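Trainee: I would like to learn how to read a structure, feature by feature. Please take me through this one.

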Amino acid sequence: MKLTQAVKMAFSAILSNKMRSFLTMLGIIIGVLSVTLLVGIVQGATDSVTAQLQGLGGNKLMVSITSPKATYITLEDLTNLQNKDGLGLIAPTIQGADKAKVDGKISAASISGVTDAAQIVDGITVVNGRFIQQSDNQNRLNVAVVGAKIAKDLFGHTDVVGSSFTMLGRSFEIVGVLKEDGTTSMSSQDSTVYIPISTASRLMNQTSIRSFNAATISSGTVDQGKTALENFLGSKIKASSDNSEDKGYTIFNMGDILSAFDSIMGTMSLLLGGIASISLIVGGIGIMNIMLVSVTERTREIGIRKAIGAQHSDILIQFLIEAVSISITGGLIGMLMGAGLLQVLSSIMDLQLHLSVSVSALALGFSLAIGVIFGIYPANKAAKLKPIDALRYE
Amino acid sequence: MIELKKISKTYILGGDTVHAVDELTLTIEEHEFVAIIGASGSGKSTLMNIIGCLDTIDEGQYLLRGQDISSYTDRQMSTLRNREIGFVFQQFNLLQKLTALENVELPLIYQGMGLSQRKKRSVEALVRVGLESRMHHRPNQLSGGQQQRVAIARAIVTRPALILADEPTGNLDSRSSKEILELLHELYEAGNTVLLITHDIHTASEAKRRVRLVDGRIVMDSKYDDEAAYLAEEERAEKMHREAMKI
């Protein structure tokens with residue numbers, strides 16, 4: 001018998017019992033739907049968080065000093081650490097906050113006193129004017145590079161290079177405007193004002209540097225650079241003797257956080273996918289059950305077919321295709337519903353959710369396998385019937 | 001064409017051994033019209049299943065067209081049923097979900113025949129049984145006689161060597177029965193070998209050769225025995241039996 005004929009026979013059998021076929025399919029639909037939905041959401045969330053973390057820099061060591069008894073860490077100390085032991089540029093920061101004002105308009109600003117190195121280490125993009133330069137620091141100039149939100153709050157537009165505003169009791173001249181990133185995340189620069197670190201040190205009365213970011217030469221030298229920083233910080237900061245856990249400083253490594261997060265989310269999606277696939281297996285048992293009923297009901301039909309010359313393989317294939325058609329059709333419907341629901345959830349949850357090719361292929365492959373695994377036993381039972389017994393069956 | 005040599009088939013029914021067919025020997029030539037007559041339980045259905053390759057024998061030898069099929073595999077038996085034998089059953093045994101034409105096509109589908117040739121052959125078979133106007137009807141839209149004619153069309157569509165009819169008129173009224181028997185006769189006239197299995201003497205009288213079966217053995221074969229003498233003897237025995245019962 002030709003395969004097209006077998007497929008035709010299987011489909012006419014499925015269609016002749018629409019309600020039953022649909023209910024059987026429902027098990028697979030729900031199974032595939034839950035797998036695609038759960039894995040899709042986890043993947044979407046992972047992508048979104050990973051993108052945010054990567055925006056903070058990959059080959060970067062972020063140091064902050066927590067000990068209140070910190071001795072002075074000076075610009076010179078950090079300059080000496082640069083460009084050796086796997087480290088690249090080091091960008092020290094003095095953080096503060098104040099209100100930026102002009103003509104009665106006010107905007108809350110997060111102030112970062114920086115050197116010119118910050119632009120490279122933190123990957124800052126200036127769209128108008130320039131960033132803080134070495135000469136600004138040497139001369140302790142009251143110049144500022146402002147975030148887009150601040151420019152808009154104070155002046156109504158971002159074309160503000162050359163304008164002035166008041167902050168920390170001084171008048172600052174704007175020399176540059178940052179690229180607008182439009183987000184409200186913790187990495188947003190729209191409300192930041194960069195000023196020379198020497199100016200910040202004097203105006204905010206902070207003489208010691210309490211946080212800095214160090215770039216490493218490559219992702220391979222992160223560990224080497226970290227060791228160098230630990231040696232340096234250990235010599236500068238005394239650990240509180242009664243608590244050896246607290247070293248008085250912390251070093252964050254974006255790469256470590258990223259890979260830890262990736263592995264957590266990977267396990268998570270495996271776990272959720274695994275739980276959801278249990279419902280697929282339940283759906284498969286539903287198929288097997290209904291196929292067994294169908295074989296019993298159609299014993300006489302099988303007898304007739306065998307009497308007029310159907311081979312063992314003809315009957316086997318006919319019933320197997322019936323089971324596989326149910327599971328594959330269910331899988332397709334579940335997958336399409338999953339893709340649709342992910343689209344809807346995307347707009348509701350403000351996440352980029354989509355059905356990846358690998359997940360859809362996996363879901364379809366799984367439903368195919370379910371159809372074969374749970375279809376083979378009933379199909380074989382049908383094919384093994386003796387024509388004489390099957391014909392006598394009432 | 002058919003040679004049965006001392007074939008036996010036993011069943012075990014509730015602990016008792018039943019010799020459905022008991023060392024039976026029968027030869028049927030090409031182009032014969034044979035009726036096998038017997039009461040229920042005489043083993044005629046078992047014989048038909050054996051000849052039709054639906055059942056296997058326990059002992060003896062069965063040669064179909066000179067080939068010993070006792071050693072045939074399942075697969076070879078299926079092929080044999082498909083190509084060499086056309087079945088006509090008492091229950092018609094049509095697939096209810098298929099139209100008359102689709103039912104007739106089925107044996108050709110299992111042969112793997114292409115669509116156009118298959119359709120042509122099936123329509124031809126339906127024309128031959130006089131049902132060309134009903135070929136798109138389903139079995140439940142046809143009368144019993146018409147359903148049996150569809151079954152005959154299905155039996156002859158593969159141009160088999162042998163047509164096996166098991167009580168083909170058992171579920172039909174007398175007019176339809178007559179039509180079906182005429183049709184079988186026509187097929188015989190056209191050169192087919194027809195084997196008719198029945199319990200009814202009138203139905204059997206349609207056949208050229210009559211074989212009577214009792215308890216799995218042949219007790220009369222009109223080819224070799226004087227049937228009139230046999231029938232007279234049987235009638236006498238029957239009469240005696242009835243009289244014995246009265247007393």
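Trainee: Let me start with a single pair: in β4(B), which residue is the bridge partner of B:Lys5?

Mentor: The partner of B:Lys5 in β4(B) is B:Gln61. Before we go on, residues are numbered from 1 along each chain as its sequence is written, while chains are lettered from A and ligands numbered from 1 in the order in which they are written. This is a predicted model, in which local features need pLDDT of at least 70 and side-chain atom pairs count only at pLDDT 80 or more, whereas totals for chains, interfaces and linings use all residues.

Trainee: Which strands pair with β1(B), and over how many bridges?

Mentor: Strands of a sheet pair through backbone hydrogen bonds, either parallel or antiparallel. Here, β1 (residues 2–13) of chain B pairs with β2(B) in the antiparallel sense over nine bridges, and with β4 (residues 59–64) of chain B, also antiparallel, over five bridges. Pairing needs at least two DSSP bridges between two strands; strands (E, at least two residues) and helices (H or I, at least four) are DSSP runs, numbered from the N terminus. Across from β1(B), in β2(B), B:Val21 stands opposite B:Lys9 and B:Thr17 stands opposite B:Ile12. The hairpin of these two strands has two residues between them, and B:Gly14 takes a positive phi near 55 degrees there.

Trainee: What is the order of the strands in the sheet, and which strands form the edges?

Mentor: The order is β2-β1-β4-β5 (chain B), an open sheet of four strands with antiparallel pairing. At the edges are β2 (16–28) and β5 (67–68) of chain B, each pairing on one side only.

Trainee: Over in chain A, how do the axes of α11(A) and α12(A) cross?

Mentor: Two packed helices are described by the angle between their axes and the distance between the axes. The axes of α11 (residues 312–349) and α12 (residues 357–384) of chain A come within 7 Å and cross at roughly 150 degrees. The axes are lines fitted to C-alpha atoms over the stretch in contact, with angles from 0 to 180 degrees between N-to-C directions. That makes α11(A) roughly antiparallel to α12(A) (the class for angles over 145 degrees). Their contact residues divide into 20 nonpolar, nine polar and no charged. In this scheme, Ala, Val, Leu, Ile, Met, Phe, Trp, Tyr, Cys and Pro count as nonpolar, Asp, Glu, Lys and Arg as charged, and the others, Gly among them, as polar.

Trainee: How many residues of α10(A) are buried?

Mentor: Seven of the nine residues of α10 (residues 299–307) of chain A are buried, so this helix is largely enclosed by the rest of the structure. Buried means 20 or more other C-beta atoms within 10 Å of a residue's own, exposed 12 or fewer, and partly exposed in between, with C-beta atoms placed from the backbone. Among the buried residues are A:Ile302 and A:Arg305. The buried residues of α10(A) pack against elements of both chains, including α11 of chain A and α2 of chain B.

Trainee: Where do the chains touch, and which element of chain B gives the most?

Mentor: In all, 19 residues of chain B are in contact with 17 residues of chain A, where contact means C-beta atoms, placed from the backbone, within 7 Å. On the chain B side, α2 (74–84) and α3 (100–111) each supply at least two residues, and α2(B) gives the most, with six.

Conventions
Contact = placed C-beta atoms within 7 Å. Parallel < 35°, antiparallel > 145°, perpendicular 65-115°, else oblique.
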